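Hello,

Here is the structure I promised to pass on to you. Please have it open while you read the notes below.

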Amino acid sequence: MSQVLDVLSRMRLFAGLSDEELAVLEKLVFVNRVPAGEPVCREGDRSDFVCFVVRGCLDIVKSSEAGGDVVIAHLRPGDSMGEMALVDNEPRSATVRAAEDATLIVLTRKGIEQLRKRSPHAVSLIMENIARLLCLHLRRTSSQLAQFKLPVG
């Protein structure tokens, strides 16, 4: 098994895919290395890819009302970012930058469309997994937000 295929087989977004579907997917992704301090994407960018951290650490950064940047999350090996871009085609909601040298596996919207032609079932599973992951993130964010709100009444 290739290193990329091994990584893909352990990613939550690809849970349920068969070995054959993962082998097709492997041909549609590419590896990107990002030096520490460099952006993967910027808040407001129009981009259409999801990436998976293989090595290193990424910071998710939001611009604050005070004008500075706030790190709102850290992504480590096994984590992914950019799922919303594959679903809604909206601009990036945050900046993502390498906190240390990072190796990423990247899947573009074009790659998803090629996979859809070859294996509609695989894309259906990936989209279900994206929906589950986004629900998990929303639940976590709601819980964190509740800590900062005043009680009603």
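What follows is a short tour of the sheet, a long helix-by-residue look at its surroundings, and a few side chains.

One thing to keep in mind from the start: this is a predicted model.

**The sheet**

Let me begin with the strands. Four of them form an open sheet in the order 1-8-3-6, with antiparallel pairing. Strand 1 (30-34) and strand 6 are the edge strands; each has a single partner strand, so one side of each is left without a neighbour in the sheet.

Going through the pairs one by one, strand 1 and strand 8 run antiparallel and are joined by five bridges. If you want a place to look, Val34 has Ala102 in strand 8 as its bridge partner. Strand 8 (residues 102-108) also pairs with strand 3, again in the antiparallel sense, over six bridges. Here Arg55 stands opposite Thr103 of strand 8. On to the edge: strand 3 and strand 6 are antiparallel too, and two bridges hold that pairing. Cys51 stands opposite Met81 in strand 6.

How enclosed is strand 3, and why? Five of its seven residues are buried, so strand 3 is largely enclosed by the rest of the structure.

**An aromatic pair**

Next, the rings. The count of aromatic pairs comes to one. It is formed by Phe14 and Phe52, whose ring centres are 5.1 Å apart; their planes meet at 55°, so the pair counts as tilted. The two residues are 38 apart along the chain and link distant parts of it: Phe14 sits in the loop between helix 1 (3-9) and helix 2 (19-26), while Phe52 belongs to strand 3 (residues 49-55).

Are these two buried or exposed? Phe14 has 2% relative accessibility and Phe52 has 1%. The cut-off for buried is under 20%, so Phe14 counts as buried, and so does Phe52.

Another ring worth a look is that of Phe49: Arg92 lies over its face, at 4.4 Å from the ring centre.

**Two serines**

Ser80 lies in strand 6 (residues 80-81). It is buried, with a relative accessible area of 10%. Its side chain makes a polar contact with the side chain of Glu83, at 2.2 Å. Leaving aside residues up to four places away in sequence, Ser80 touches Leu13, Cys51, Phe52, Leu75 and Leu133. Among these you will recognise Phe52 from the aromatic pair and Cys51 from the pairing with strand 6.

Ser119 is found in the loop between helix 4 (109-118) and helix 5 (120-146). Ser119 is buried as well, with a relative accessible area of 11%. Which side chain does the side chain of Ser119 contact? The partner is Glu21, in a polar contact of 3.2 Å.

**Helix 5**

Finally, helix 5. At 1.5 Å a residue, its 27 residues should span 39 Å, and the end C-alpha atoms are indeed 39 Å apart, so the two values agree. The buried residues in helix 5 are Ala122, Val123, Leu125, Ile126, Asn129, Ile130 and Leu133. What do they pack against? Their neighbours are helix 2, strand 6, helix 3 (83-88) and helix 4. Leu133 is also one of the residues that Ser80 touches.

Happy browsing, and all the best

Notes. Residues are numbered from 1 along each chain as its sequence is written. This is a predicted model: local features need pLDDT of at least 70, side-chain atom pairs count only at pLDDT 80 or more; totals for chains, interfaces and linings use all residues. Side-chain values use heavy atoms; hydrogens and water are left out. Helices (H or I, at least four residues) and strands (E, at least two) are DSSP runs, numbered from the N terminus. Buried means under 20% relative accessible area, exposed over 50%, partly exposed in between (1.4 Å probe, protein chains only). A polar contact is a pair of N or O atoms within 3.5 Å; within protein, one must be able to donate a hydrogen and the other to accept it, and residues adjacent in sequence count only if both atoms are side-chain atoms. Contact means heavy atoms within 4.5 Å. Rings of Phe, Tyr and Trp (its six-membered ring) pair if their centres lie within 6.5 Å; planes under 30 degrees apart count as stacked, over 60 as edge-to-face and the rest as tilted. A charge sits over a ring if NZ of Lys or CZ of Arg is within 6 Å of the ring centre and within 35 degrees of the ring normal. Two strands pair if DSSP finds at least two bridges between them. The expected span of a helix is 1.5 Å times one less than its number of residues.
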